[in-house]
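Morning, everyone. I have one structure to walk through today. Please keep the sequence and the 3D view open while I talk.

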Amino acid sequence: MTLTAFPPPAPDTDYDILRQEVRAFLAVELADFPPDMRAKSWNGFSRDFSRKLAQRGWVGMTFPREYGGHARSALERYVVSEELLAAGAPVISHWIADRQSGPLILAKGTEEQKRAIVPRIAAGELCFCIGMSEPDSGSDLAATRTVATEVEGGFRVNGTKVWTTYAHVADYMILFCRTDKSDDRHGGMSQFLIDLKATENIQISPIIDMAGEHHFNQVIFDDTFLPADALLGEKGEGWSQVMSELAFERSGPERFLSSFTLIEELIRLLGKDATEAQQAEIGRLSAHLMVLRQMSRSVARMLNEGKNPALQAAIVKDLGALFEQDVPRLARSLVSRPAVPGGRDSYAAVLAYTELAVPSFSLRGGTREILRGIIARGLGLR
Amino acid sequence: MENVMAAAQAIYTDEQRMLLENFRKMAEAEFTPLAEKYENLGHPPDAETLKSLFAKVEEFGLISGLIPEEDGGAGIDRMTYGILYEELARIWADLAIAVLIQSHAVFALNLLGNAAQKEAYLKPLLRSQRICATCISEPEVGSNVREVKTRAEREGNKIFVTGQKLWISNGAQSDFAIVVCNLDDGISMVIVDRDTGRYESRELRKMGLVGASTCELFFDRAETTAEHVLGNAGGGLFQTLKLFESARVFVGLTSIGIAQAALECAVKYAKDRTQHGKPIGGHQLIQGYLADMVTHLDAARLLCQRGLQLLDLGVRCDTQTSMAKWYATEMAVEIAGKAVQIHGGNGITKEFPVERHFRNAKVMPIPDGTTEIQKLVIGRNLTGLNAF
């Protein structure tokens, strides 16, 4: 790794027409969508919105046409993602499937799995969740204990997953678990594609977050039977399959735009009466945002060229989370208006939501400490 | 971590350590379950319950401690009072806020009240029979007292108070209020009794400290009398600033109690949680976090305790109390945030208490003068230039 390994991103102007189309769509669809709902960023859930977006061809954009996709580039998908996040659109219903589960199935799935699932993702019909973390296996993913034991016709799964975002509404889960005992900590892992609506003996219960909201779940597998064709990819190759998903997960605009609604509310509130000190802080914030955007778009270019920018993605995610987490602090320092959950004052309501949302930004998708370990390793320090 | 705390507390006197020990035993037994209960209920205790809680902490002088024994108080030095107060905030920060307001009303009434006012209003507070709210902030006026809009108009011997007050602690349970308002072309303090003034209150939703009452109060020609003007008519600005001087240290101490609780959670979790084959507390990165947290916490505590000592000396110390307030409240946010980070995903759920400490810490940089206001006070005192 050299510190200059962020190639310049493609010119922004290449996608002006697409960007304008998305903005026009969002202006209509989200005309009455209030700021405190926009503040939920990519945690906002609306199947209806995801379907409408898909009808415009903006879900599964990079998927091949034969699987219902639109064969567009990762950079075009990036433009759409960026506009959705900037507008605070409710995207989680299709987000995980579009970002990583769809590409994973396309890369590792059987032909039957691809044909059965991918077109429905591209139609905005399917919500996916990821069964990865466990009570004793958070940052240490290799400590996974959930086990799938091979039985006649399939597998029996036992174990507990936690922090499973939107499992309570999702249609499918990509489960990561152990299928063999292995001396290699990373060996003997596999992934499964689970139809949550048609599988018995799965108990899903809520984990309430500090904002009092229900996004996370605990998912218990109690001798759950999965048919043999639920196996996704090669048995025992789960670790490398999961690792290849992470660059998709860690570098997108969702890693620096999660507090964007608060930035917009703050600028609206300060308006033309902003003092010099307030203008300077907003300027600093905007400069950081632009740098992050360039770095993120650089990673998007590398992904588009088939490279593996795992290290650069970790840098973007760590810096992005620091930025997103700093926005409420900055807002409080510029405006002496307390946060009020759910109040009529949209700034105060957005601040209240964002204040309680930001601690999770350096935990989800790999904690800050894990990311810094990856960066250190990339620099040859470990 | 007990050894670290004990070493730091060696600067306390034997009496202070004994009092702290006794108070801790009582408060952990009595208040820990209640803190949990009201957190889950999501609203503060009712007036009668709050009075009984005040009576309980008054056994250690936490309601009347700021006034001398000859005036009917417990007459505790502020340093000792602060040690007990911090402990209360560690165990139940919501109650600590209510105690802060009540004890400072006692302080204000004793300092500014005449004999009749002390008889009618101070004595019931000392007996935990009534509850007082102090009303300063307004919807359009936050930390700058000079700009209050609430007005009081004389009609003969009667005074009618009209206006809206915001962020009023103990507002819902209050029996009377000390209202900072405009009277006779000057900022004044006027006592408005709920029996005669019939002011209304509306509880506000907050992100943290949900077991402490924070209200909007509405005064619509609330009736009181000339005998209810507290201190000098027109002297309210100076009087309010004097109150702030003391209260700000206690807001800082509230944050220190919250941060101490968060730190304790983090140390316990770091020792219990095993990842990659060892407790996460065995990683250099986590130990670095914990060392930062405890150092900042101790620095904040010492700043606040110096403020307490200066207040006891009776010297002007608004610079030092402003320093203590902004530093302690901001550091508590930092410390509680790190404590959440150490907990990983568990830190942002209701399953572990650290999320409550984080939400509570977030509230504290705002009341009794935001961080920015504290810095303007310090800057003004350093330069002699007013940047308000």
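I will take the two chains in turn, then the cores, then a helix and a few single residues.

One caution before we start: this is a predicted model.

Chain A, then. It has twelve helices and eight strands. Its radius of gyration is 21 Å, close to the 21 Å that the globule rule gives for 382 residues, so chain A is as compact as a globular protein of that length. Its C-alpha atoms fill a box of roughly 70 × 45 × 40 Å along the principal axes. Of the 382 residues in chain A, 58% are buried.

What share of the contacts in chain A with a separation of 6 or more comes from residues 24 or more positions apart? The figure is 74%.

Now the surface. Chain A exposes about 15,700 Å², and carbon and sulfur atoms supply 52% of that. On charge, chain A has 43 positive and 49 negative side chains. The centres of those two sets lie 3 Å apart.

On to chain B. Here we have twelve helices and ten strands. The radius of gyration of chain B is 21 Å, close to the 21 Å from the globule rule for 388 residues, so this chain is as compact as a globular protein of its length. The C-alpha box of chain B is roughly 80 × 50 × 40 Å along the principal axes. Buried residues are 59% of the 388 in chain B.

For chain B, residues 24 or more positions apart give 73% of the contacts with a separation of 6 or more. The exposed area of chain B is about 15,400 Å², with 53% of it from carbon and sulfur atoms. Chain B carries 41 positive and 49 negative charges, and their mean positions are 3 Å apart.

Next, the cores. Which residues have the most contacts inside the largest nonpolar core? They are A:Phe128, B:Phe31, B:Leu95 and B:Ile342, in a core of 192 residues. Helix H8 of chain B, residues 236-272, gives the most to this core, with 17 residues. There is also a second, separate core of 19 residues. It includes A:Cys129, A:Ala170, A:Phe192 and A:Leu196.

Take a look at B:Phe31. Beyond its neighbours within four places in sequence, B:Phe31 is in contact with B:Met26, B:Leu53, B:Lys56, B:Val57, B:Leu88, B:Ile91, B:Trp92 and B:Leu95. Two of these names are worth marking in your viewer: B:Lys56, a contact of B:Phe31, and B:Leu95, which is also on the list of residues with the most contacts in the core.

Now back to chain A, for its helix H8, residues 260-270. Its buried residues are A:Phe260, A:Thr261, A:Leu262, A:Ile263, A:Glu265, A:Leu266 and A:Leu270. What do they pack against? Five helices of chain A: H2 (35-38), H4 (74-87), H9 (276-304), H10 (310-334) and H11 (346-357). Just after H8 of chain A, A:Gly271 takes a positive phi of about 55°.

Step back along the chain to the loop between helix H7 (238-250) and H8 of chain A, where A:Glu254 lies. Is A:Glu254 buried or exposed? Buried: its relative accessibility is 2%, and the cut-off for buried is under 20%. Leaving out residues up to four places away in sequence, A:Glu254 touches A:Trp42, A:Leu85, A:Trp95, A:Arg99, A:Glu249, A:Glu324 and A:Arg364. So that list holds two arginines, A:Arg99 and A:Arg364, along with two other glutamates, A:Glu249 and A:Glu324.

Helix H4 of chain A gives us another residue, A:Val79. A:Val79 is buried, at 3% relative accessible area. Outside its neighbours within four places in sequence, A:Val79 is in contact with A:Tyr15, A:Leu18 and A:Arg19. A:Val79 and A:Arg19 are 60 residues apart in sequence, yet 6.4 Å apart in space, C-alpha to C-alpha.

Last stop, B:Gly75. This glycine is in the loop between helix H3 (47-58) and helix H4 (78-91) of chain B. With 38% relative accessibility, B:Gly75 counts as partly exposed. Not counting residues up to four places away, B:Gly75 touches B:Ser64, B:Gly65, B:Ile67, B:Pro68 and B:Glu69. B:Gly65 is ten residues away along the chain, and the two C-alpha atoms are separated by 4.9 Å.

That is the tour. Over to you for questions.

Conventions. Residues numbered from 1 in each chain as written. Chains lettered and ligands numbered in written order. Heavy atoms only, no water. Helix = DSSP H or I, 4+ residues; strand = E, 2+ residues; numbered from the N terminus. Rg over C-alpha atoms; globule rule 2.2 N^0.38 Å. Buried < 20%, exposed > 50% of the residue type's maximum accessible area, 1.4 Å probe, protein only. Contact = heavy atoms within 4.5 Å. Areas by Shrake-Rupley, 256 points an atom, 1.4 Å probe, with all protein chains shown as cover. Lys, Arg positive; Asp, Glu negative; His and termini not counted. Charge placed at Lys NZ, Arg CZ, Asp CG, Glu CD. Core = buried A, V, L, I, M, F, W, Y, C linked by side-chain atoms within 4.5 Å.
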